[in-house]
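User: I am new to reading protein models. Could you walk me through how the chains meet and how the strands are arranged?

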4 protein chains.
Amino acid sequence: MSSTFGTLLKVTTFGESHGKGVGAILDGCPAKINLSEKDIQKQLNRRRPGQSKLTTKREEADLVTILSGVERGKTLGVPIGLYVANKDQRPDDYKTMQSIPRPSHADYTYQTKYGIRSASGGGRSSARETVGRVAAGAIADKFLYEIFRIEIVAWVHAVGEVEASHVDEGVISREDVDQTIVRCPDGPAADKMVQLIDNVKERDDSVGGIITCVCRNVPPGWGEPVFDKVEAKLAQAMLSIPSTKGFEIGSGFAGTRMFGSQHNDPFVLKEGRLGTTTNFSGGVQGGITNGEPIVFRTAFKPPATISLPQTTVDFEGRKTVLEAKGRHDPCVVPRAVPIVECMAALVIGDFALRQQFRQL
Amino acid sequence: MSSTFGTLLKVTTFGESHGKGVGAILDGCPAKINLSEKDIQKQLNRRRPGQSKLTTKREEADLVTILSGVERGKTLGVPIGLYVANKDQRPDDYKTMQSIPRPSHADYTYQTKYGIRSASGGGRSSARETVGRVAAGAIADKFLYEIFRIEIVAWVHAVGEVEASHVDEGVISREDVDQTIVRCPDGPAADKMVQLIDNVKERDDSVGGIITCVCRNVPPGWGEPVFDKVEAKLAQAMLSIPSTKGFEIGSGFAGTRMFGSQHNDPFVLKEGRLGTTTNFSGGVQGGITNGEPIVFRTAFKPPATISLPQTTVDFEGRKTVLEAKGRHDPCVVPRAVPIVECMAALVIGDFALRQQFRQL
Amino acid sequence: MSSTFGTLLKVTTFGESHGKGVGAILDGCPAKINLSEKDIQKQLNRRRPGQSKLTTKREEADLVTILSGVERGKTLGVPIGLYVANKDQRPDDYKTMQSIPRPSHADYTYQTKYGIRSASGGGRSSARETVGRVAAGAIADKFLYEIFRIEIVAWVHAVGEVEASHVDEGVISREDVDQTIVRCPDGPAADKMVQLIDNVKERDDSVGGIITCVCRNVPPGWGEPVFDKVEAKLAQAMLSIPSTKGFEIGSGFAGTRMFGSQHNDPFVLKEGRLGTTTNFSGGVQGGITNGEPIVFRTAFKPPATISLPQTTVDFEGRKTVLEAKGRHDPCVVPRAVPIVECMAALVIGDFALRQQFRQL
Amino acid sequence: MSSTFGTLLKVTTFGESHGKGVGAILDGCPAKINLSEKDIQKQLNRRRPGQSKLTTKREEADLVTILSGVERGKTLGVPIGLYVANKDQRPDDYKTMQSIPRPSHADYTYQTKYGIRSASGGGRSSARETVGRVAAGAIADKFLYEIFRIEIVAWVHAVGEVEASHVDEGVISREDVDQTIVRCPDGPAADKMVQLIDNVKERDDSVGGIITCVCRNVPPGWGEPVFDKVEAKLAQAMLSIPSTKGFEIGSGFAGTRMFGSQHNDPFVLKEGRLGTTTNFSGGVQGGITNGEPIVFRTAFKPPATISLPQTTVDFEGRKTVLEAKGRHDPCVVPRAVPIVECMAALVIGDFALRQQFRQL
């Protein structure tokens, strides 16, 4: 298992969905940053279950405790321990599923890899693991803003077939995003998304979606080619989030259908330094930031755990019909918005720390 | 700069496009693998420029020398040094471009990051850097096949608007792929692709494309969640290839428009162990392989260097028109096929080495 | 700060001496190992303050809680969270020292590096940080014994000028070592050591010492040359323990005064495989284990915090006399014995996981 | 095998003693450093065989070629490829030794680990591997001096029982060290050392020694506690050099016999910042530099390959007498001086790059 991420800004997460609790250690955070639990709680609240009718009914306040690394409201430059106790575990919900691996879930693969797995729920493969990422990422987010005025904002771009339009990447804020419970800043689209998720939920089914994220004010010259290009580490970070199946930056897959003469971003002079008139590059060229907003999208599949009966086999290979219990989201994207932001902050924060006297 | 990739199977590349040469060190390759330059040359030949009318005219035989790590035809378990001399450098082609950063290329970002850049061509940001990756990846590819019968095959799925159909991921071979110079195994689509590239080339323009890759016979239980999920490391690997803008695995972005009841892959008994009837998961669940083929796609943008005049500014911000010289591919995907395969082999090879007594 | 150690078996520690608590995350532990808090507590008890008249009077039961990674008494192959609450903090003891950096302590260097430091005690530089290492190392120790019968035993070799003799590295056990409160298995030497420490304590002074450690039954062929030689990682691990100033393996510094003809360890046939008649190599050759016991020594300086008045300067450079308060050990080696064992277990455990199909 | 070292300044070495050549890739070197082969050759010349009557007769000019990373005399911030061809291989010398593992050499352990080994000489375990380290370290040494005026100087402190005295760590230079072929700046001791090595050589035997190294002008506040303390990474670096058996910093093992009241380094005001009157700490406190010279010693065993007949067994366990051929040093320390300096430079160089906005 690889529960540590980052080169200089390192996050290590721990905890299972139905164990004692979940959390993270963030090592490498600069010293003397103002930090309290309140700063972290904001993002945890946006991630927590039970926040709206669109999410699982599992009731978790997800209150974070800072175990170490902060004294008198300031970071010490040492590891910050973060802990959230689990409150609403219901291991019994999973008893009938013990012998049947849920299709498209990680029951079978964990059992095959480790020869054992968490008796209840997804254990470590559960999205509950992301509590630690969000707590740690909220700190990265804070120091990136405090030191560099970097702003990271994600929102729901699509739920199923419903897509948002008209989102201005240059000004959109988290407040804008939180105007709707589905976290889509395009009102009419948001309404349709809510309706679709409601509908899917009623049918005991689930549906996928897409999140767009923008990182503004990242200075040009950040990122570490060849293998740790900005887009490469963002791609790893996003594909490490449970339920993700795709990542694209700038023009992405649509860009493959363009000609170079359309796709190239011409340079112009902008506020004393070079900028581009279009941003098909998505803020990175050759793995290094160019000062334009970093814009990327992440694809989330429909959640695997559904209550609809599914014909499948048990671990012994015997045909059976599974009707999954447990409390699950019909669509993960509204709650995944802060997860995407926090993983982006961990990536950008690591590049911030790696960025230094590259030149005399 | 981060020119090293992998945890136990580590590749380190070096070399600039118009310097003395390019190469790689591969550390961690198992001992006693049969290996000669011929094994590596095969993939280098598929990557080399000048191999068909679709590619740049730069003439490079790209003959590899094994500098270390192999004795009497067998690997010693020690680092394998790989070197390819550059032959057809033409630094003079780049003189006029010294003062003008090519739009959507890495000239501006390298200059900003390092305060200096390769005087000619893309230096380290050039796709010529991937020679080292291909040489190293060809070795990973070989030991994965020799030890586990793992087969990795990539092909061109799309060029611009032209898409392939009818490719059987279960049987497609590199020989099939190499039937056409564009490396698309769907004949009629291949014809259209060739025509499109020809056309684009004539217009001094460029076009993007998509590569699909399948990894067959990867045993179930491989991969390292949480942050080094198979899909996460593949995503990093693919997005680290020059000109890439997107990655998706299994159902990918299209999967976001599906319902869970459609998307879930039901289990069945297959040859004595559990398999699935569909493969929307793309061979991984929870970051761990499930024994089904790993299938993923990578998006390549249209090459940035085109000879068409482009209105832009120079490094000083003065408006100018750039007509890029140099010899460049109108479309990178035909030559990128072995690069995708070799990066996939490096990822899977690393997981092979990390896979071990996870359980008693 | 680098609070993570290991390649596949990774420990991450957190916590300050006078904060809420201390702990560690151990990632990479194999699945299905029997594990309970009792297994870990044993080593923590040997490390805890207040265990004998030789140690600091700080009263800490150091009871460990497993936060994650273990279910129904078995490891899941996922990160194991370990936490020990601090009980007997006395931040007030340190108030007068706020403006005076203790000589040979880390107050000055932390302040210089981070521009801030823990207001009380050593914070992160305190040996209290090693609680997390011991908790994590105790788990490595357990699986090394359960899977490979590897035995790791350390003891006090010297306190000040008093040295032990006659310790049989082949059979010495932790029970033998714990016969005396100073953890020296040579009775007469132990008596003198106790007397010396008593004496030093009365004088408000401190004294150094040496710990020897043996790792038995480590299979031949483990270790990763070139840079991660067994002796190199052991050296890093030992020199990362607070108060250490030296490391030697096998013949060590004394071996520099020998001739090759004396120093070389001749091979003989031993129980079906090659062994050596002497062990000046200390169980490693070329960075790889040879199957003989790994034997190494670590030097600990006299603790820096003493109550004797010291002439020094404050942070502003003004001359002053410091009489340090706080509760400190007059000699750290008796309590450092389990720390050395646990760090050795983390090193050997990591090599165990990295050891695999190096050859076909 | 782990042939890569460093977090941001990464060196990767390759090559066997009797293969085509040896070399290294240095990644992370800052851009715009003046660099030519001459800068590197200086240290390689001090390491090369055949430089005096004290060394092996193997004739190697060890001329280095820069393969990449430097253009018009300046570093580009990209990987620097370094290559030295082997010229004087004599694989035949090793034929008779193929079936007999040399005592205290790595033949047996490599064979056990990899199931195969270099047919001639030590292959990768040979000190010839350090050519790559010296080439890469010479570059680190250069930028540390150019940017920070850091000076790293090592010398032979002891050969066998002969010890140097009276070396002023504050002013000693490489020129001083190179006054004698044994690289001991204490003339009378140097004479005795030369005599001892001559004598040992005549007897076909070998002898060990100790090297002291000082790093001056390292700014205070460098280093990464907890696990990457300056002393911990130096210890790993030194113990990764072939033939080393011990490391100590500052007071080292002798410091264990001191009392705290003697050992503590009192602070005083020195040139506007805090310094210490003594330096038993060896320039580091709590793993972080304090601005005083970093002083450490490394123990080298007598070389294992001697021509004196040795009673041992072959790989099958049959008793035999080995008279080793090959050309070997009777004592490695004179040639190891630049290796120690270059490894120290790689360690300090990495900390330089990791040192940055730790505080606002």
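**Reading strands and interfaces**

Analyst: Happy to! In this predicted model, strand S11 (residues 244-249) of chain C pairs with strand S11 (residues 244-249) of chain D; the two are antiparallel and share 3 bridges.

User: Which residue of S11(D) stands opposite Glu248(C)?

Analyst: Glu248(C) faces Gly246(D) there.

User: How do I describe the size of the contact between chain C and chain D?

Analyst: A common way to state the size of an interface is the accessible area lost when the parts come together. Here, chain C and chain D bury about 8,000 Å² between them, and 61% of it lies on carbon and sulfur atoms. On the side of chain C, Lys113(C), Phe227(C) and Lys245(C) supply 11% of the area buried against chain D, more than any other three residues. Each chain brings 108 residues to the contact.

User: How many salt bridges cross the interface of chain C and chain D?

Analyst: The rule finds 2 salt bridges across that interface. Glu224(C) forms a salt bridge with Lys113(D), with the closest N and O atoms 3.2 Å apart. There are also 49 residue pairs in polar contact between chain C and chain D, counting pairs with both residues at pLDDT 80 or more.

User: Which helix of chain C gives the most to the side that touches chain D?

Analyst: That is helix H2 (residues 107-114), with 7 residues. Sorted by class, the side of chain C that touches chain D has 45 nonpolar, 39 polar and 24 charged residues.

User: Now to chains A and B. How is S11(B) placed, buried or exposed?

Analyst: Strand S11 (residues 244-249) of chain B is mostly covered, with 6 of its 6 residues buried. S11(B) runs antiparallel to strand S11 (residues 244-249) of chain A, joined by 3 bridges, and Glu248(B) is the bridge partner of Gly246(A). Within chain B, S11(B) also pairs with strand S16 (residues 294-300) in the antiparallel sense, over 5 bridges. In that pairing, Ile249(B) stands opposite Phe296(B).

User: And how do I read a whole sheet?

Analyst: Start with the general pattern: in a regular strand, side chains alternate between the two faces of the sheet. Then follow the strand order. Chain C has an open sheet of 5 strands, ordered S1-S2-S3-S7-S4, with antiparallel pairing. Strand S1 (4-5) and strand S4 (64-66) are at the edges with a single partner strand each, so one side of each has no neighbour in the sheet.

User: How is S4(C) joined to S7(C)?

Analyst: S4(C) and strand S7 (residues 80-85) of chain C run antiparallel, with 3 bridges between them. In this pairing, Thr65(C) stands opposite Tyr83(C).

How values were computed:
Residues numbered from 1 in each chain as written. Chains lettered and ligands numbered in written order. Predicted model: local features only at pLDDT ≥ 70, side-chain atom pairs only at ≥ 80, totals over all residues. Heavy atoms only, no water. Contact = heavy atoms within 4.5 Å. Buried area = accessible area lost by both parts, 1.4 Å probe. Salt bridge = Lys/Arg side-chain N within 4 Å of Asp/Glu carboxyl O. Polar contact = N/O pair within 3.5 Å; in protein donor to acceptor, adjacent residues only side chain to side chain. Helix = DSSP H or I, 4+ residues; strand = E, 2+ residues; numbered from the N terminus. Nonpolar A, V, L, I, M, F, W, Y, C, P; charged D, E, K, R; others polar. Pairing = 2+ DSSP bridges. Buried < 20%, exposed > 50% of the residue type's maximum accessible area, 1.4 Å probe, protein only.
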